[in-house]
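Reader: Hey, could you pick one spot in this model and take a really close look at it? After that, carry on to the other places you'd check, and tell me what the numbers say.

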Amino acid sequence: MNQMNMSRLTPLFAAIALVLFTSGLPSDVAMAKAKTETAKQSVGATGFKGFLDRLWPVARARGVTRDTFSAALSSLTPDQDVIDLTKKQSEFVKPIWEYLASATSPNRLERGAKMAGVNQSTLDAIEQRYGVERSVILGVWGMETNFGGYTGGKDILRSLATLASVGYRGTYFRDELIGALLILQQRHVARVDFKGSWAGAMGQTQFMPSSFQKFAVDFDGDGKKDIWTNVPDALASTANYLKQNGWQNGLPWGFEVTIPHGFDYRLHRLVFEEWASRGVRRADGQSMPRRGEANLFFPAGADGPAFLVTDNYDVIKRYNNSDAYALGVALLGDRIFGAASIRAAWPVDDPILGLQQRIELQQALTTLGYDVGEPNGRIGTLTREAIRDFQGKRGLRPDGYAGKRVLEALQVK
Ligand code: CA
């Protein structure tokens, strides 16, 4: 996921690899990282028992009681399906326009509007308490579980224990398992209802146990942080997650913009006023915010839609470090409350490159004498600068976007 990190640091023309996941799968940051690996082992009964024996002293040291531990784990068996699912999570690249079309499908917008209405007073109270706008809360809720439509039917403890027992991602899943045991011990959820995705994300907005421990709240005051079935608890927990990660009330996540002719494509981060003075305009015709700064972001290169995105956009990426996901949340939230769809056309003939093609692109640039480091498929600053230089020399717009078109131009002898 390094491309994602780089795209956040230098969002301008970030030629990112959009690693996209099936909706409903867990999606906080750590899980996003987990999906780029595959568990290589299968797990046998003996290995599993040994794992539980080794787990106990660690769990005890973190406050898990023997009663909790035994009741939760003693009759557990490993789940081979979970191991198999890790192998299916290999990186694939889906065009961002397909992903966003599905994120903001008519059905989802309709359901979102309905849920916004049903939960209006709850959302009023949450906005009041946390200063996080309902549009982004609805956006997360819709992207994660289609507003509670599917929260995952896998036994959380069994899934986490299976992943931890094979050492998938080091000690990450072991620690999540211990977190899950503590959640159970604190009686936030009944054992039989302790369910979620195959990789441990739980409830209406798919928290991992570690996120639950940091951010879940009991909003309705019944003593339980019930993110599975209690909508006020789940949505307030999500608001708290965003708030604790730096959400700024009143600052838009961003918006689509239009770019003037003769624009300097190397501009990166400016205050809104400065963008306006350089001819950048909001696509919806509204005026720029008076305060704040934003990065210019082209998810699919300069031939596609352009956005100005603020620090709040980066806060959404703390939930799942993917630009496609963050745009999905942001646009879904806006559109539920009546915003128009993206106006600019997507460059459907110029999709972002897959891993192998990105390596080919770097090899071609190296052949031309550019220093892009070791060709590894990661599009960083060196590669983007090389692409820009090459584009400039070929009379192409120098946006540094690692798309199909620039690869084809490079491959012309
Ligand atoms: Ca509660």
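Author: Sure, let's zoom in on E273, which sits in helix 14 (residues 272–277). Helices here are DSSP runs of H or I with at least four residues, and strands are runs of E with at least two, all numbered from the N terminus. Keep in mind that this is a predicted model, with local features needing pLDDT of at least 70, side-chain atom pairs counting only at pLDDT 80 or more, and totals for chains, interfaces and linings using all residues. Residues are numbered from 1 along each chain as its sequence is written, and side-chain values use heavy atoms, with hydrogens and water left out.

So how does the spot look? E273 has a relative accessible area of 57%, which makes this residue exposed (over 50%; buried is under 20%, partly exposed is in between, with a 1.4 Å probe and protein chains only). Its partner in space is S287: the two are 14 residues apart in sequence, and their C-alpha atoms are 9.8 Å apart.

Two other pairs are worth setting beside that one. A199 belongs to the loop between strand 2 (195–196) and helix 12 (209–215), and with 0% relative accessibility A199 counts as buried. From A199 to D155 you'd count 44 residues along the chain, yet the C-alpha atoms are 9.8 Å apart. The other pair involves D334, a residue of helix 16. D334 comes out as partly exposed, because its relative accessible area is 25%. In sequence, D334 and T104 are 230 residues apart, while in space their C-alpha atoms are separated by 9.9 Å.

Next, the metal. The calcium ion takes oxygen donors from D218, D220 and D222 (OD in each case), from K224 (O), and twice from D233 (OD), at 2.2 to 2.9 Å. Donors are N, O and S atoms within 2.8 Å of a metal, or 3.2 Å for Na, K and Ca; water is not among the atoms, so sites may look incomplete. If you'd like to scan for the pattern, the donors run along the chain as D-x1-D-x1-D-x1-K-x8-D. Two of these residues have contrasting accessibility. K224 is partly exposed because its relative accessibility is 41%, whereas D233 is buried, with a relative accessibility of 0%.

On to the longer helical pieces. Helix 9 has 12 residues, which should span 16 Å at 1.5 Å a residue, and the end C-alpha atoms are indeed 16 Å apart (the expected span is 1.5 Å times one less than the number of residues). Because 11 of those 12 residues are buried, helix 9 is largely enclosed by the rest of the structure. The buried ones are R134, V136, I137, L138, G139, V140, W141, G142, M143, E144 and T145.

Just past that helix there's a backbone oddity to flag. F147 lies in the loop that connects helix 9 to strand 1 (154–155), and its phi is positive, near 60°, although F147 is a residue other than glycine. F147 is also buried, given a relative accessible area of 1%. R169 is another non-glycine residue with a positive phi, of about 55°. You'll find R169 in the loop between helix 10 (156–165) and helix 11 (172–185). Unlike a buried residue, R169 is partly exposed, because its relative accessible area is 23%.

Finally, have a look at two helices further along. Helix 17 covers residues 355–367, 13 residues in total, and reaches 19 Å between its first and last C-alpha, close to the 18 Å expected. Its buried residues include R358, I359, L361, Q362, A364 and L365. After helix 17 comes G369, with a positive phi near 100°. Helix 18 (residues 381–393) also has 13 residues, and this one reaches 18 Å from first C-alpha to last, close to the 18 Å expected. In helix 18, the buried positions include T383, R384, A386, I387, R388, F390 and Q391. Right behind helix 18, G395 adopts a positive phi of about 75°.
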